[in-house]
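Good morning, colleagues. I should like to take you through one structure today, beginning with the overall picture and then turning to particular residues.

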Amino acid sequence: MLHLLEKENLIGALLAIFGHLVVSIALNLQKYCHIRLAGSKDPRAYFKTKTWWLGLFLMLLGELGVFASYAFAPLSLIVPLSAVSMIASAIIGIIFIKEKWKPKDFLRRYVLSFVGCGLAIVGTYLLVTFAPNSHEKMTGENITRHLVSWPFLLYMLVEIVLFCLLLYFYKEKNANSVVVILLLVALLGSMTVVTVKAVAGMLMLSIQGTLQLHYPIFYVMLVCMVATAVYQAAFLSQASQMYDSSLIASVGYILSTTVAITAGAVFYLDFLGEDALHICMFALGCLIAFLGVFLITRNRKKSIPFEPYISMDAMPGMQNMHDKGMTVQPDLKASFSYGALENNDNISEIYAPATLPIMQEEHGSRSASGVPYRVLEHTKKE
């Protein structure tokens with residue numbers, strides 16, 4: 001029985017590694033397609049190129065492999081293996097997509113990436129070697145039993161309260177910290193992976209001949225999987241508009257993996273019956289993988305957004321954009337559209353825009369009072 005569980009763990013780990021590797025290749029193919037079109041005079045749209053469609057096909061294939069891996073291996077093993085995609089992206093990016101570099105700058109610029117890749121590989125090896133072997137069949141009865149167990153109900157209560165508090169501070173108190181947003185993503189993601197494993201396991205049993213689709217719990221899990229994935233993507237989109245992608249990748253991976261492993265340990269009892277040595281080595285593998293991912297994303301070059309603004313420094317009575325008071329142009333982050341000046345209706349006339357004097361021409365009569373503009377009278381002092 002133990003040998004069978006180890007074989008299923010290996011199949012699940014290989015499927016997850018294959019899926020994340022293919023997804024990374026697909027994303028870099030699509031990125032390469034965008035870069036090539038932007039640097040050439042090719043008038044075609046990106047979706048009319050074979051490279052982009054090849055990337056889309058590979059992405060679907062990779063996601064299918066990751067989805068199938070949840071049916072074989074424990075949740076605590078599959079979730080941390082997403083570090084494989086970051087390792088592959090770092091290597092592919094350095095070799096194929098990165099800008100030109102000089103040999104003398106190579107070590108200075110990419111040594112952290114190589115060290116991070118090495119640490120992530122070591123952490124992945126420890127994760128696969130010391131992963132928990134407690135993996136049961138995803139039948140409707142087993143999932144229903146886990147769903148109404150008091151440890152999971154208590155965990156869900158804590159997670160809902162924490163999610164509501166974070167959402168309140170994020171929406172009402174404008175707590176836009178990257179940790180707050182990505183912790184919301186991690187809490188939703190933990191429910192996503194729990195439901196993904198249930199749906200994938202029941203589908204796999206149905207394909208093998210034990211039909212599970214007549215259980216209502218299958219459709220409950222399916223709806224929860226789609227809903228949490230959609231809201232998770234929405235929060236990630238908001239985070240990407242405010243923070244750098246490398247910061248989101250590293251912090252998001254650490255938080256999501258930690259919360260997902262906790263959810264798997266509570267819902268599916270992944271670590272039940274495991275000895276302390278295996279648990280400690282598994283935790284050490286997670287920490288090493290976290291450090292490796294942090295070093296990989298730490299060395300990525302941050303993009304400087306284009307922020308068009310009109311300098312008003314030379315105008316008397318107007319504060320410039322570096323003062324702490326009135327801002328001439330808002331921070332546009334990643335937006336390419338022009339902002340607008342703030343509403344200055346309540347500011348004294350000294351800050352009002354200057355008006356050029358317009359002298360009225362005399363045409364022989366003062367009866368022409370219907371002039372569509374205002375005449376400004378200036379004294380000699382002016």
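What percentage of the 382 residues of the chain count as buried? The value is 39%. Please bear in mind throughout that this is a predicted model.

Let me begin with the secondary structure. The chain comes to 11 helices and zero strands, and read from the N terminus the elements run α-α-α-α-α-α-α-α-α-α-α. As to contacts, if one takes those with a separation of 6 or more, 75% are accounted for by residues 24 or more positions apart. The accessible surface of the chain is about 23400 Å², and carbon and sulfur atoms hold 67% of that area.

I turn next to a feature of that surface. A nonpolar patch is formed by Trp150, Leu154, Leu157, Val158, Val161, Leu165, Tyr168 and Phe169, which together have about 850 Å² of accessible area. One of these residues, Phe169, belongs to helix H7, residues 150–171. Phe169 has a relative accessibility of 41% and therefore counts as partly exposed.

Now to the aromatic residues. How many aromatic pairs does the count come to? The answer is nine aromatic pairs. Phe218 and Tyr219 make up one edge-to-face pair, with 5.1 Å from centre to centre and 85° between the planes. Its two members are classed in separate ways: Phe218 is buried because its relative accessibility is 6%, below the 20% limit, whereas Tyr219, at 45%, counts as partly exposed.

A second pair consists of Tyr253 and Phe290. Why is this pair classed as edge-to-face? The ring centres are 5.6 Å apart and the planes stand at 85°, so the pair falls in that class; the cut-off for edge-to-face is an angle over 60 degrees. Tyr253 comes from helix H10, residues 245–267, and Phe290 from helix H11, residues 276–298; with the two positions 37 residues apart, the pair links distant parts of the chain. Tyr253 and Phe290 are both buried.

Ring pairs also join Phe152, Tyr155, Phe267 and Tyr268 into a cluster. Over the face of one member, Tyr268, lies Lys197, at 5.7 Å from the ring centre.

I move on to the charged side chains. How many salt bridges does the structure hold? There is one salt bridge, in which the side chains of Lys137 and Glu8 meet at 3.8 Å, N to O. Lys137 sits in the loop between helix H5 (103–129) and helix H6 (140–147), while Glu8 sits in helix H1 (residues 2–38), so the salt bridge ties together parts that are 129 residues apart in sequence. Is each partner buried or partly exposed? Lys137 counts as partly exposed, with 47% relative accessibility, whereas Glu8 is buried, with a relative accessible area of 15%.

My final residue is a glycine. Gly65 is located in helix H2, residues 50–69, and its relative accessibility of 8% means that it counts as buried. Which residues does Gly65 touch, if those up to four places away in sequence are not counted? They are Leu15 and Ala16. In addition, the C-alpha atoms of Gly65 and Phe18 are separated by 6.9 Å, although the two residues are 47 residues apart along the chain.

That concludes my presentation. Thank you for your attention.

Terms used: Residues are numbered from 1 along each chain as its sequence is written. This is a predicted model: local features need pLDDT of at least 70, side-chain atom pairs count only at pLDDT 80 or more; totals for chains, interfaces and linings use all residues. Side-chain values use heavy atoms; hydrogens and water are left out. Rings of Phe, Tyr and Trp (its six-membered ring) pair if their centres lie within 6.5 Å; planes under 30 degrees apart count as stacked, over 60 as edge-to-face and the rest as tilted. Buried means under 20% relative accessible area, exposed over 50%, partly exposed in between (1.4 Å probe, protein chains only). Helices (H or I, at least four residues) and strands (E, at least two) are DSSP runs, numbered from the N terminus. A charge sits over a ring if NZ of Lys or CZ of Arg is within 6 Å of the ring centre and within 35 degrees of the ring normal. Contact means heavy atoms within 4.5 Å. Accessible areas come from the Shrake-Rupley method with a 1.4 Å probe; for residues, only the protein chains shown count as cover. Patches are made of residues with over 30% relative accessible area and no salt bridge: like charges are joined within 9 Å, nonpolar side chains (Val, Leu, Ile, Met, Phe, Trp, Tyr) within 5 Å. A salt bridge is a side-chain nitrogen of Lys or Arg within 4 Å of a carboxyl oxygen of Asp or Glu.
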